[in-house]
Amino acid sequence: QVQFVESGGGLVQAGGSMRVSCVVSGHAFTTYFMGWFRQAPGKEREFVAGLSWNSGTTAYGDSVKGRFAISKDNAKNTVYLQMNSLKPEDTAVYYCAASPRWPPRTYDYRGHGTQVTVSS
């Protein structure tokens, strides 16, 4: 099983930036592909970004390409999501997850999430 501790969410104005973090632990977690997902009230879950621990290969959802960046710090077992040029429609609960599939558009494990609110 893979465990996650997400942090870094909060309130930001439109056009601003925010970084959320996810400390990952558990059995063989580096064998999984990591992903960030988000879900807003009344909307379906949306794939935001994915990353391979080993190769560093990344993937992004269409709505965030060019604005968001996923990265990792192997020494800290941490995955980051840097969010720039934020829009009110980016408001959602963001959670990190682990998938055995690439790209990680579905997952086997996920964290509890962190709220990101973008004000207009």
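Threonine 114 is buried in this predicted model, with a relative accessible area of 11%. The residue sits in strand β11, which covers residues 114-119. Its side chain gets to within reach of a backbone atom elsewhere in the chain: the nitrogen of glycine 9, at 3.2 Å. Leaving out residues up to four places away in sequence, threonine 114 touches Glu6, Ser7, Gly8 and Gly9, and also Val20, Ala92, Val93 and Tyr94.

One of those neighbours, Glu6, leads to the sheet. Glutamate 6 has cysteine 22 of β3 as its bridge partner. Strand β3 spans residues 18-26, and six bridges join it to β1 in an antiparallel arrangement. The two strands belong to an open sheet of four, in the order β1-β3-β8-β7, with antiparallel pairing. At the edges stand β1 (2-7) and β7 (68-73); each has a single partner strand, so one side of each goes without a neighbour in the sheet. On average, neighbouring strands here are turned by 20° against each other, direction ignored. As a general matter, strands of a sheet pair through backbone hydrogen bonds, either parallel or antiparallel.

Back in β3, where cysteine 22 is found, the accessibility figure is easy to read: cysteine 22 comes out at 0% and counts as buried, because buried means under 20%. Setting aside neighbours within four places in sequence, the contacts of cysteine 22 are Phe4, Val5, Glu6, Trp36, Asn77, Thr78, Val79 and Cys96. Methionine 34 lies 12 residues away from cysteine 22 in sequence, and the C-alpha to C-alpha distance between the two is 10.0 Å.

Turning to charged side chains, the structure holds five salt bridges. One of them joins arginine 38 and glutamate 46, with 2.8 Å from N to O. The two ends of this pair sit in unlike surroundings: arginine 38 counts as buried at 6% relative accessibility, whereas glutamate 46 is partly exposed at 27%. Lysine 65 and aspartate 62 also meet in a salt bridge, at 3.3 Å from N to O. Aspartate 62 has 67% relative accessibility and counts as exposed.

A further salt bridge is made by aspartate 90 and arginine 67, whose closest N and O atoms are 2.7 Å apart. Aspartate 90 lies in the loop between β8 (78-83) and β9 (92-99), while arginine 67 lies in the loop between β6 (58-60) and β7, so the pair ties together parts that are 23 residues apart in sequence. Both partners are on the buried side of the cut-off, with aspartate 90 at a relative accessible area of 0% and arginine 67 at 11%. The salt bridges do not just come as isolated pairs, either: Arg38, Glu46, Arg67 and Asp90 are linked in a network.

What about the rings? The structure holds seven aromatic pairs. Tyrosine 32 and tyrosine 109 make one of them, an edge-to-face pair with 5.8 Å from centre to centre and 75° between the planes. Tyrosine 32 lies in the loop between β3 and β4 (33-39), and tyrosine 109 belongs to strand β10 (residues 109-110), so this pair ties together parts that are 77 residues apart in sequence. Tyrosine 32 is buried, with a relative accessible area of 16%, but tyrosine 109 counts as partly exposed at 23%.

Phenylalanine 37 and tyrosine 95 form a stacked pair instead, with 6.3 Å from centre to centre and 15° between the planes. With phenylalanine 37 in strand β4 and tyrosine 95 in strand β9, the pair ties together parts that are 58 residues apart in sequence. Phenylalanine 37 counts as buried at 1% relative accessibility, and tyrosine 95 is buried too, with a relative accessible area of 2%. These two rings are also part of a cluster, in which ring pairs link Phe37, Phe47, Tyr95 and Tyr107.

Technical notes. Residues are numbered from 1 along each chain as its sequence is written. This is a predicted model: local features need pLDDT of at least 70, side-chain atom pairs count only at pLDDT 80 or more; totals for chains, interfaces and linings use all residues. Side-chain values use heavy atoms; hydrogens and water are left out. Two strands pair if DSSP finds at least two bridges between them. Axes are lines fitted to C-alpha atoms, for helices over the stretch in contact, and angles run from 0 to 180 degrees between N-to-C directions. Buried means under 20% relative accessible area, exposed over 50%, partly exposed in between (1.4 Å probe, protein chains only). Contact means heavy atoms within 4.5 Å. A salt bridge is a side-chain nitrogen of Lys or Arg within 4 Å of a carboxyl oxygen of Asp or Glu. A polar contact is a pair of N or O atoms within 3.5 Å; within protein, one must be able to donate a hydrogen and the other to accept it, and residues adjacent in sequence count only if both atoms are side-chain atoms. Rings of Phe, Tyr and Trp (its six-membered ring) pair if their centres lie within 6.5 Å; planes under 30 degrees apart count as stacked, over 60 as edge-to-face and the rest as tilted.
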